[in-house]
Amino acid sequence: MGASQTRLEHNYDDLTEKSGFSHEQIKNLYQRFQQLSGNNEKISRDDLERIPALNNNPIRKQIITAFFDKRNQHQNDVGSLDEIGFEQFLMVMSHFRPVNSKATEEEKATVRKQKLRFLFNMHDTDNDGIITLDEYRTVVEELLSQSGAIETEVARAIADAAMLEVASTNVPHMAPDDFYEGITFEHFEQILKGIEMESRMHIRFLDKNAATMRCGKLSS
Amino acid sequence: MPSRTVSHGSSGRLRGLFLVMVLVFLESSVFTLAFASSDQHSPTTAHSDGHKATDHGSHNNTGKAFPVLDLNYENVRVPFEISLWVLLASLMKLGFHLVPHLSNIVPESCLLIVVGLLVGGIIRGTGETVPPVLDSKLFFYILLPPIILDAGYFLPIRPFMENLGTILIFAVVGTLWNAFFVGGLLYGVCQIGTESSSILSRIGLLQCLLFGSIISAVDPVAVLAVFEEIHINELLHILVFGESLLNDAVTVVLYHLFEEFSGIGTVTLVKGFLGVISFFVVALGGVLVGVLYGILAAFTSRFTSHTRVIEPLFVFLYSYMAYLSAEIFHLSGIMALIACGAVMRPYVEANISHKSHTTIKYFLKMWSSVSETLIFIFLGVATVAGPHDWNWTFVTVTVILCLVARVIGVVGLTFIINKFRIVKLTTKDQFIIAYGGLRGAIAFSLGFLLEKDHFPEREIFLTAIITVIFFTVFVQGMTIKPLVELLAVKKKQEAKRSINEEIHTQFLDHLLTGIEDICGHYGHHHWKDKLNRFNKKYVKKCLIAGERSKEPQLIAFYHKMEMKQAIQLVESGGGIKLPSAMPSTVSMQNIQPRPPTKPAAERAIPQLSKTKEEEIRKILRTNLQRTRQRLRSYNRHTLVADPYEDGLSDLFLKKQKMFQIEKKMNTYLTVPAPPPDSPTMCRARLASDPQAYSIKPALNKVPMIQVDLASPQSPDSVNLLDEFGQANQQEEEEQGLMMKPPSRPREGKKPGEEDEAKDQQKLMRCLSDPGPSADEDEDGQKESS
C-alpha cells in the first residue's frame, strides 16, 4: 500500500482540481475507499452492496448503479463500468459537494445543472436522453417499494399524474393526437425549479482527521 | 384578503355606512364600559338585597306594579363586557380592510394599538378610571395560548428542523446576550450618568438585569403580526419566528432567577449554577410535557371514528392542558404548547375526518386572530391607563441599547453560525433578522407582574417597556415592508407543491442518505432516516388508526392533492374541465405510449369521424350537468353518515357519470360488441331521475371515490361507479343513483381496488365537507380576514 499511497499523494493536486475536494477530504475519502474495496485498487458492485446500512434504502440499486455509470464521470461517455477506481469514485462524490456560497450566479447555475444531470441520469436508465413514462413509473415504484405491499396501480397513478404535470407545464398545448415522448433534461430542470438543488443536494464531507469518522464497519 | 365583488358605486356608500356604524358602536361601547367600571364599586350586596326586598315586597303588596321592563345590568356585566371587547376588536379588524390603502401602509398591529389608545383616551376623557385590561392572568392564560397553539400546530416542521441549530443559538445565546448587555449597560448608565440623588441611581444591578431580561425577548405575537404581511421567504420567517418561540424558556428562567435574587439581595455562585441547570429543566421539561400530551392526543384521536363531532375539542383541550401543566411547574408553557401541537399533528391528521381538520384549522385561526387583535388593543388601553413615570434618560438609553444589542448580537452570532451552515446567511438576511426583533405584549405583561414592594421603580420600567414596544411595532413594523422591497429580499414562493417536487424531495432524501452511508459517516440524513423508520415502524402503528398507519408519505400526499383538485372543481362552479394553473390541453392520452399490444381482444376500429365524436360528447356533457336537489338529512351527531350533504358528492357523481359515459363511448368506438346499456338509455335514465339518494345502510359497502387528475378525454380516467355491469338493474332503477362497490372484472387500465376498510375510511374522509377553500399549503400562514 505504501507505493500506491505515494502515488496518490502526487495526484492530490490533480484530484483536487478535477473534483474540487480539499486534500483532507480526499484523504478521508480514500480511507473509506480502501475500506470498501478491501484494500484493492477498484471497487465492484458487490463491494457497495455489502454495506449494511444501505439495506433499508429503497433506491439502493439506483444509487449503486449511478456509481458505475459512465455518464457521471464528466467525460461524455456512455455505458457502465464494472469496477471503478478511486478517481472515478471521487468524481461521483463530487456531485454532492455543497456549492460555495461565494460563487457567482453562473457558477451556481452550472453546479445546479450538474446536480440535476446526475439525478436525470439516475432516472434515465436506457440513456436515450428522455425519461419515458415507464422509467418514471419504475422510479415511483422503487420509492414506494419499502413501504410494504403497495399496489402497483397506485404507484402508476402517481407516476402518471406526475408525468401529466410535467407535460402540462412544459408543453401546454398538445392536440389530442400528439404524443409526449418523455421528460427531456430541459423539462426536468423546469419542473424542479422549485427545489433549490444547489443548496439541497449535498452532504457534508469531513475535513477533519478520519479518526473522528465513525465509519460503518463492513462486518457489522 | 377576499376581493369585494360589490359594484364600485354602491360599495363606497356601504363602506361609509359601515364605518359610521362602527364609530357609533365604538362610542357606545366605550361609554358602557366606562359606566360599568364605575359601577364596579357599588356594593353588589346592597343591590341583591334591594332585589330581594322588591321581590318580598311584591309578594306582600299585591298592589305594587309588576315590573314589565326591568333593568338589571349587574348580572350580565362580566360576559357583556367581554363580548363587547371582542366585538369591538373584530369590528375594528373588519373596518381596517374597508378603508382603502390603509392596510398597505400601516400594519394592522399599529392600527390596533392606536384604536386601543383612542378607547383608553375616551374612557379617561369621560372621567372614569380605565379598567386594567391587560391583567397578566388574562394575558397568559387566555389570550396567549391560542396564538401559540396556532403557531405550533401549523409549524412547518421541515424548515424548522433543518434550521434548529441556528434557531436555538439565536434564541438562547442571543437572548442571554441581549439581557446582559442591556441590563449591564443600563446599570452603568444609571450609576455613572446621573446624579447620585436621582431615582435612577437607586436601581440595583439585579433590577437592571431583570429589566434587561424582560425587554430582550423577541415577541412571537408581534413577529407574527408583522411578518405575516410581508410574505418573506421561508428561511427568514422560520428563523425569526422560531427564535421568538424558543426564547420563552430563556425568558422564564432569567425572569424567575433575577426576581428571586432581587428579593433576596445576594447572589451566590451556587445559585448561578442552579440557574443554568434550571434553564435546561425548564426548556426540556416543557418540551417533554408537550410531547406527552401530544402523544395522548394522538392516541385519543385514534378512537374517535364514531364521534367525529368532538374531535377538534380533543386537540384544543390536550394542548391547553399541556400549557397549564407546564405552568404549574414553572416550566416553559410556550415550548410545551409548541411541542404538543407539532407532535400530535401528523398523527391526529391521519385519524380525524376532513371536517374536523377544517374545524381545527379555522377555530385556531379565529381564536388566534381575535387574541392578537385584543392584545394590541389592550396594549393601547393599558398605555393610557398608566401608571407612568417618564424618565428621559432611562427610556432613550433603553431604546438605543435594545437596538444596538440586537444588531451586535445578530451579527456576532451569524458570524459564528455561518461556519457551521451550508446555506450561509447573507448580510441582507442578517439585517432582516435584526430588524425583525420586535418586542410585544409579553414583555409588558411580565413587567406588569412585578411587585411594587420589591421594585419601587416599577413604573419607570413599565414606561420604558411600553416605549420600546411602541418603537419596535410602529417604527420597525411600518418600515420593514418598504425595506424588504428595497433590499429585494427573497419573497415567499407562492407556487404550490407539485407532485414532482414531492417525488423528488423524497428521492433526494433517500439518495443523500445512501451517499452518506457509502461515505461512511453518520450525518444529518442518516439520523433523519433512522427517525423516520422508527416512526413508521412503531409509532405510527400505535397512534394511527387502521389502514392509514401504513400509508407512505408519497401516497398520502397524492391523495391530499387529489382532494384539493376535487375541491377546486367544486368551487369553480362544477365545470367539467379541471381548472389548472396553466390552461393546457394535455391529457393522459398524450402521455400514454401508443398501445403496444392489446390483450387478447381484437379491436376492430369502426371509424367515427372526430366531429361526430365531439358532438356526442357535448350532448352527453350538457345533459349530465343538470343539477338535482338532494335530500338533506341533518343530524348533529352523525355528520359522517351523510355523505350526500354537499355539492362535492354531487359533483363527484356527475363527474363519474360523465367519465363512465365517456369511457363506455370510447370503448363503443373501438369494440364491436356493445354492452347492454347504450349511452342514450343511460342518459335517459339519469336525466329523468328526480329521486333522492338514499343512504345505503350497510356502510361497509361504501366505495372509494378516486378522482383522477386527468381530463375527461382520458380513456384512463378513474371512477368506480359501474352500474352497468350489475346484476340487479331493477333495484337500481327504483332507487335512483346509488354507489356500489366496483365490479371485479374490469378493463386493464383502471387502478386496482383497495381494501374495503380502506374504502370506507377514504370515503369518510373524502366526502365530508371541505369547507371554504382549504389551502393546506398555507398552513404556516394565517389567513388575513
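Visitor: Accessible areas here come from the Shrake-Rupley method with a 1.4 Å probe. What does the accessible surface of chain A come to?
Guide: This is a predicted model, so each value is computed from predicted atoms. Carbon and sulfur atoms account for 46% of the accessible surface of chain A. The total for chain A is about 10600 Å².

Visitor: How many helices and strands does chain A have?
Guide: Read along the sequence, chain A follows the pattern α-α-β-α-α-β-α-α-α-α-α-α. Count each letter. The result for chain A is 10 helices and 2 strands.

Visitor: What percentage of the residues in chain A are buried?
Guide: A residue counts as buried under 20% relative accessible area. Chain A has 220 residues. The buried portion of chain A is 48%.

Visitor: Turn to chain B. What part of its exposed area do carbon and sulfur atoms supply?
Guide: Chain B has 28 helices and 0 strands. Of its 785 residues, 52% count as buried. Chain B exposes about 36700 Å². Carbon and sulfur atoms supply a portion of 66%.

Visitor: Among contacts in chain B between residues at least 6 apart in sequence, what percentage join residues at least 24 apart?
Guide: Take chain A as a reference point. There, residues 24 or more positions apart make up 59% of the contacts with a separation of 6 or more. In chain B, the corresponding value is 82%.

Visitor: Is B:S109 buried or exposed?
Guide: B:S109 is found in helix 5 of chain B, residues 108-125. Beyond four places in sequence, B:S109 touches B:A225, B:V226, B:F376 and B:V473. Its relative accessible area is 3%, and the cut-off is 20%, so B:S109 is buried.

Visitor: Which residues does B:A382 contact, leaving aside neighbours within four places in sequence?
Guide: B:A382 is in helix 15 of chain B, residues 354-385. At 7% relative accessibility, B:A382 counts as buried. The contacts of B:A382 are B:L134, B:H388 and B:F444.

Visitor: How many Å apart in space are B:A382 and B:L117, C-alpha to C-alpha?
Guide: Start with the sequence. B:A382 and B:L117 are 265 residues apart there. In space, C-alpha to C-alpha, the value is 8.1 Å.

Visitor: Which helix gives the most to the nonpolar surface patch?
Guide: The patch covers about 400 Å² and is made by B:W177, B:I400, B:L403, B:V404 and B:I408. One of these, B:V404, is partly exposed at 34% relative accessible area. B:V404 is in helix 16 of chain B. With 4 residues, the main contributor to the patch is helix 16 of chain B, residues 392-417.

Visitor: What kind of aromatic pair do A:F96 and A:F118 form?
Guide: The whole structure holds 28 aromatic pairs over all chains. For A:F96 and A:F118, the ring centres are 5.2 Å apart and the planes make an angle of 80°. Planes over 60 degrees apart fall in one class. The class for A:F96 and A:F118 is edge-to-face.

Visitor: How many residues apart in sequence are the parts that the pair A:F96 and A:F118 ties together?
Guide: A:F96 lies in the loop between helix 5 (86-94) and helix 6 (105-123) of chain A. A:F118 lies in helix 6 of chain A. Both A:F96 and A:F118 are buried. The pair ties together parts whose separation is 22 residues.

Visitor: Which residue lies over the face of A:F185?
Guide: Chain B offers one such case: B:R345 lies over the face of B:Y153, at 5.7 Å from the ring centre. In chain A, the charge sits 4.5 Å from the ring centre of A:F185. The residue over A:F185 is A:R117.

Visitor: What is the phi of B:H231?
Guide: Most residues other than glycine have a negative phi. B:H231 lies in the loop between helix 10 (220-230) and helix 11 (234-264) of chain B, and is partly exposed at 32%. Its phi is positive, near 50°.

Visitor: Where is B:H330 found?
Guide: B:H330 has a positive phi of about 60° although it is not a glycine. Its relative accessible area is 47%, so B:H330 counts as partly exposed. B:H330 sits in the chain B loop between helix 13 (311-328) and helix 14 (333-351).

Note on methods: Residues are numbered from 1 along each chain as its sequence is written. Chains are lettered from A and ligands numbered from 1 in the order in which they are written. This is a predicted model: local features need pLDDT of at least 70, side-chain atom pairs count only at pLDDT 80 or more; totals for chains, interfaces and linings use all residues. Side-chain values use heavy atoms; hydrogens and water are left out. Buried means under 20% relative accessible area, exposed over 50%, partly exposed in between (1.4 Å probe, protein chains only). Contact means heavy atoms within 4.5 Å. Patches are made of residues with over 30% relative accessible area and no salt bridge: like charges are joined within 9 Å, nonpolar side chains (Val, Leu, Ile, Met, Phe, Trp, Tyr) within 5 Å. A salt bridge is a side-chain nitrogen of Lys or Arg within 4 Å of a carboxyl oxygen of Asp or Glu. Rings of Phe, Tyr and Trp (its six-membered ring) pair if their centres lie within 6.5 Å; planes under 30 degrees apart count as stacked, over 60 as edge-to-face and the rest as tilted. A charge sits over a ring if NZ of Lys or CZ of Arg is within 6 Å of the ring centre and within 35 degrees of the ring normal.
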